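Thank you all for coming; I would like to walk you through one protein chain, going from the overall picture to a handful of individual residues. Please have the sequence and the model open while I talk.

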Amino acid sequence: PTILFVCTHNAGRSALGAALARRQAGDRVVVLSAGVAPAETASAGTIASLAEIGIDDSAHVPTRLTEELVAASTVVVAMKPGLDVPQIEGIAYETWDLPNPEGWDVDAIRPLRDHIDGRVSALLKRVRLT
């Protein structure tokens with residue numbers, strides 16, 4: 001299975017989701033992330049919050065969402081409602097209503113990271129059963 005995490009800038013929420021999913025799933029799941037309007041760089045707070053738990057995501061470069069990325073996915077997770085995500089038959093979609101951590105420091109991001117980690121765990125359990 002392939003999971004695509006999508007948010008606005010691919011600098012915070014979707015980067016967290018993807019990094020956490022890679023850590024949990026290893027090579028059992030392909031994990032991608034993208035943004036509808038990608039930032040130039042990842043959020044420093046996001047990178048620092050992942051480093052706290054042993055994940056080096058310092059090489060993350062925000063990527064633009066494309067129809068091809070969606071088509072290559074088994075599950076697409078929109079990290080906020082209202083994103084303009086291409087709808088393709090046969091792809092499973094989920095929407096998680098998460099706050100935008102833009103401008104947050106690592107102390108503010110930590111609870112969001114931990115919340116996303118739990119949601120990713122539940123998602124991976126569901127994906128493996130399909």
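Before I give any burial numbers, let me fix the term: a residue is called buried when its relative accessible area is under 20%, exposed when that value is over 50%, and partly exposed in between. With that in place, and keeping in mind that what you see is a predicted model, 45% of the 130 residues of the protein chain count as buried.

Let me continue with the overall architecture. The protein chain contains four helices and four strands, and if you follow the sequence from its start, these elements come in the order β-α-β-α-α-β-β-α. Along the principal axes, the C-alpha atoms occupy a box of roughly 40 × 30 × 25 Å. The radius of gyration is 13 Å, which agrees with the value near 14 Å that a compact globule of 130 residues would have. Among the contacts with a separation of 6 or more, 69% are made by residues 24 or more positions apart.

As for the surface, the accessible area of the protein chain is about 6400 Å², and carbon and sulfur atoms contribute 52% of that. There are 12 positive and 16 negative charges, and the mean positions of the two sets lie 6 Å apart.

Now to the stretch around the helix α1. Just ahead of this helix, in the loop between β1 (2-7) and α1, we find Asn10. Why does Asn10 count as buried? Its relative accessibility is 0%, and the cut-off for buried is under 20%. The backbone of Asn10 deserves a remark as well, since its phi is positive, about 55 degrees, although Asn10 is not a glycine. Most residues other than glycine have a negative phi.

The helix α1 itself covers residues 13-25, and its 13 residues reach 18 Å from the first C-alpha to the last, close to the 18 Å expected at 1.5 Å a residue. Ten of these 13 residues are buried, so α1 is largely enclosed by the rest of the structure; the buried residues include Arg13, Leu16, Leu20 and Ala25. Directly after α1 comes Gly26, with a positive phi near 60 degrees.

Asp27 sits in the loop that connects α1 to β2 (30-35). Is Asp27 buried or exposed? With a relative accessibility of 77%, Asp27 counts as exposed. Its C-alpha atom is separated by 21 Å from that of Val61, which is 34 residues away along the chain.

Let me turn to three buried residues from later in the sequence, beginning with Val70 in helix α3 (residues 67-71). Val70 has a relative accessibility of 0% and therefore counts as buried. Setting aside residues up to four places away in sequence, Val70 touches Leu4, Leu65, Val76, Val85, Pro86, Ile88, Ile91 and Tyr93. By contrast, if you look for Gly103, which is 33 residues from Val70 in sequence, you will find the two C-alpha atoms 28 Å apart.

Ser73 belongs to the loop between α3 and β3 (75-78), and with a relative accessible area of 6% Ser73 is buried. Which residues does Ser73 touch, not counting those up to four places away in sequence? They are Thr2, Leu4, Leu32 and Ile91. Pro86, 13 residues from Ser73 in sequence, lies 12 Å from Ser73, C-alpha to C-alpha.

The last of the three is Leu123, which is part of helix α4 (residues 106-129) and counts as buried at 1% relative accessibility. Apart from neighbours within four places in sequence, Leu123 is in contact with Ile3, Phe5, Val75, Val77, Glu94 and Trp96. If we take Val77 from that list, its C-alpha atom is separated from that of Leu123 by 9.5 Å, although the two residues are 46 residues apart along the chain.

To bring this back to where we started, we have seen Val70, buried at 0% relative accessibility, and Asp27, exposed at 77%, within a predicted model in which 45% of the residues count as buried.

Technical notes. Residues numbered from 1 in each chain as written. Predicted model: local features only at pLDDT ≥ 70, side-chain atom pairs only at ≥ 80, totals over all residues. Heavy atoms only, no water. Helix = DSSP H or I, 4+ residues; strand = E, 2+ residues; numbered from the N terminus. Rg over C-alpha atoms; globule rule 2.2 N^0.38 Å. Buried < 20%, exposed > 50% of the residue type's maximum accessible area, 1.4 Å probe, protein only. Contact = heavy atoms within 4.5 Å. Areas by Shrake-Rupley, 256 points an atom, 1.4 Å probe, with all protein chains shown as cover. Lys, Arg positive; Asp, Glu negative; His and termini not counted. Charge placed at Lys NZ, Arg CZ, Asp CG, Glu CD. Expected span 1.5 Å × (residues − 1).
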